[in-house]
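Grab a pencil and work through these short exercises with the model open beside you. Each task comes with a solution in steps.

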Amino acid sequence: MSQNSDAPSSSATLRAIAQTFRLTGWISFWIQLVLGVVSSIIVLLFAIFSQRAGSPSNNPGTGFGVFLAVCGLIILGAGIYLAFRYTRIGRQLQSSNPSNRPRKSETLQVLRLGLWINLIGTLVTLLGAQAIVGTLVARSISPQAITSQLFDPTRIISGLDMLVVQANTNTVSAHFAGLVGSLWLMNRINRQ
């Protein structure tokens, strides 16, 4: 990879960068995909079961937190796409035709986009987690919860509530994997 398309580059260095892009892209892709699918299933189950009448999870704070969690998952979809794109960049770098190889500036632009998408996704998901955990803490320490916890099922924190917290943790972890992959690739390019 070079600054312009006609400057020659060492084939061994280029091959190493291409392999790094492909390997890092695939690792990042699969980590994000698996964690994203698990989180999506949990959030979907929460959305379905929290709509039942008398559900303890049916309050405005949790609803906003779940909305932000869904937004974090949508942003994660863009991060998954970019991780897959890293593998395609690695394949293009292995091309024998120099005009098929992406420029260094174009590649760095894609990596910066990946960094921003995963940073924004992390922020949105963390805000969602704070909203969900805040409502769960408020529900658990409210005076009514202490006196009527055994009698009022709307004051009990359910396993489904905790699964949504786990889904947010999975989504943050997936965004973190995307950040690490993008930073690793950016560092690898800038060393050359």
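**Exercise 1.** Work out whether Val-70 is buried, partly exposed or exposed, then place it.

*Solution.* Start with the number: Val-70 has 33% relative accessibility, so it counts as partly exposed (buried is under 20% relative accessible area, exposed over 50%, partly exposed in between, with a 1.4 Å probe and protein chains only). Next, the location: Val-70 sits in helix α2 (helices are DSSP runs of H or I, at least four residues, numbered from the N terminus). Finally, Ser-40 is 30 residues away from Val-70 in sequence, yet their C-alpha atoms are 7.9 Å apart.

Before going on: this is a predicted model, where local features need pLDDT of at least 70, side-chain atom pairs count only at pLDDT 80 or more, and totals for chains, interfaces and linings use all residues. Residues are numbered from 1 along each chain as its sequence is written, and side-chain values use heavy atoms, leaving out hydrogens and water.

**Exercise 2.** Describe the surroundings of Thr-125 in helix α3.

*Solution.* First, check burial: with a relative accessible area of 0%, Thr-125 is buried. Then look for a polar partner: a polar atom of the Thr-125 side chain lies 2.7 Å from the backbone oxygen of Gly-121. Last, list the contacts (heavy atoms within 4.5 Å): leaving aside neighbours within four places in sequence, Thr-125 meets Gly-72, Asn-168, Thr-171, Val-172 and His-175.

**Exercise 3.** Which residues does Leu-111 touch, not counting those up to four places away in sequence?

*Solution.* Go through the partners: Leu-111 touches Phe-21, Tyr-86, Ser-182, Leu-185, Met-186 and Ile-189.

Terms used: Helices (H or I, at least four residues) and strands (E, at least two) are DSSP runs, numbered from the N terminus. A polar contact is a pair of N or O atoms within 3.5 Å; within protein, one must be able to donate a hydrogen and the other to accept it, and residues adjacent in sequence count only if both atoms are side-chain atoms.
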